[in-house]
Amino acid sequence: MDFIPAAIQRYCEEHSQAQADLLSTIERETHLEVLKPRMLSGHLQGRFLSMVSHMMRPNRILEIGTYTGYSALCLAEGLQEKGRLYTLEYNEEHVQRAGKYFNSSDFKGQISLIHGNAREVIPTLSETWDLIFIDADKDSYQTYFDLVLPYLRTGGFILLDNVLWSGKVTDERVQDSKTVMIRKLNRSLHDDPRVEEMILPFRDGITILRKL
């Protein structure tokens, strides 16, 4: 994920809004106690998610892949007063940890944490989404996109994380299954006439899609 020089990364973080104390706690405890802490969105990406949410003022947000709850809390910052965020997580340990953080946050009445298989849960949610963040198992990204797009309002946005896959997508010598899959996904989204797309070379790459 190290596309940006460390000094530039630090500078951007120092000149961006500070993260809340609870987010700092989640970041610290995730790195100390949870496997694969690089999956955490972190300070700069968290401020990006919060800014997008504030710009949109969404009523309904869907997150696929809760992990330890950092990104959900960042997205919740921009919710309307009666808005709600649904976050889906398959790993029971992550559900328990994230639920603890949510219950101690200012958004505990606005976040619904659902433990289950997203493929099965998504069709049961009777909502029209304003904003969707996909950051779960990469092999299912195309499936998740296909499942959620019909329920995203026209003009709504989808964000997908890790679409540059540590830069492997640009190296044709790399042909492992996940890299090939992400290349295929990126091409499919680029060619999909139902959405506008751009990729930000930010952290591990974030795709922004707007439904037409």
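1. A helix here is a DSSP run of type H or I with at least four residues, and helices are numbered from the N terminus. With that in hand, a first residue to find is His190, which sits in helix α8, covering residues 177-191. Please keep in mind throughout that this is a predicted model. His190 counts as partly exposed because its relative accessibility is 49%. For a sense of distance, try Ile26 as a partner: the C-alpha atoms of His190 and Ile26 are separated by 34 Å, with their positions 164 residues apart along the chain.

2. Now the overall picture. The protein has eight helices and seven strands. Its C-alpha trace spans about 45 × 45 × 30 Å along the principal axes. The radius of gyration is 16 Å, which agrees with the value near 17 Å that a compact globule of 212 residues would have.

3. How much of the protein is buried? Of its 212 residues, 51% count as such. The protein exposes about 10800 Å², and carbon and sulfur atoms supply 52% of that area. As for contacts with a separation of 6 or more, 68% of them join residues 24 or more positions apart.

4. A word on charge. The protein carries 25 positive and 30 negative charges. The mean positions of these two groups are 2 Å apart.

5. You may wonder about the cysteines. A disulfide is a covalent bond between the sulfur atoms of two cysteines. The count for this model comes to zero disulfides. Why does Cys12 form none? The closest cysteine sulfur to that of Cys12 belongs to Cys74 and is 17 Å away, too far for a bond, given that a disulfide needs the two sulfur atoms within 2.5 Å. Seen from the other side, the sulfur of Cys74 has that of Cys12 as its closest cysteine sulfur, and 17 Å is too far for a bond. Their surroundings are worth a look too: Cys12 is partly exposed at 31% relative accessibility, whereas Cys74 is buried at 0%.

6. Thr66 is a good place to look inside the model. This residue belongs to the loop between β1 (60-64) and α4 (70-76). Is Thr66 buried or exposed? With a relative accessibility of 1%, Thr66 counts as buried. Leaving aside residues up to four places away in sequence, Thr66 touches Ser71, Thr87, Leu88, Glu89, Ala98, Phe102 and Leu113.

7. Thr154 gives you another threonine to inspect, this one in strand β5 (residues 152-161). Thr154 counts as exposed because its relative accessibility is 58%, and the cut-off for exposed is over 50%. Which residues does Thr154 touch, not counting those up to four places away in sequence? They are Lys211 and Leu212. The C-alpha atom of Thr154 is separated by 9.9 Å from that of Thr128, a residue 26 positions apart along the chain.

8. Finally, please check the backbone at Trp165 and Ser166. Most residues other than glycine have a negative phi. Trp165 is not a glycine, yet has a positive phi of about 50°. Ser166 is not a glycine either, and has a positive phi of about 55°. Trp165 lies in the loop between β5 and α8, and Ser166 is in the loop between β5 and α8 as well. Trp165 counts as buried because its relative accessibility is 18%, and buried means under 20%. Ser166, with a relative accessible area of 33%, is partly exposed.

How values were computed
Residues numbered from 1 in each chain as written. Predicted model: local features only at pLDDT ≥ 70, side-chain atom pairs only at ≥ 80, totals over all residues. Heavy atoms only, no water. Helix = DSSP H or I, 4+ residues; strand = E, 2+ residues; numbered from the N terminus. Rg over C-alpha atoms; globule rule 2.2 N^0.38 Å. Buried < 20%, exposed > 50% of the residue type's maximum accessible area, 1.4 Å probe, protein only. Contact = heavy atoms within 4.5 Å. Areas by Shrake-Rupley, 256 points an atom, 1.4 Å probe, with all protein chains shown as cover. Lys, Arg positive; Asp, Glu negative; His and termini not counted. Charge placed at Lys NZ, Arg CZ, Asp CG, Glu CD.
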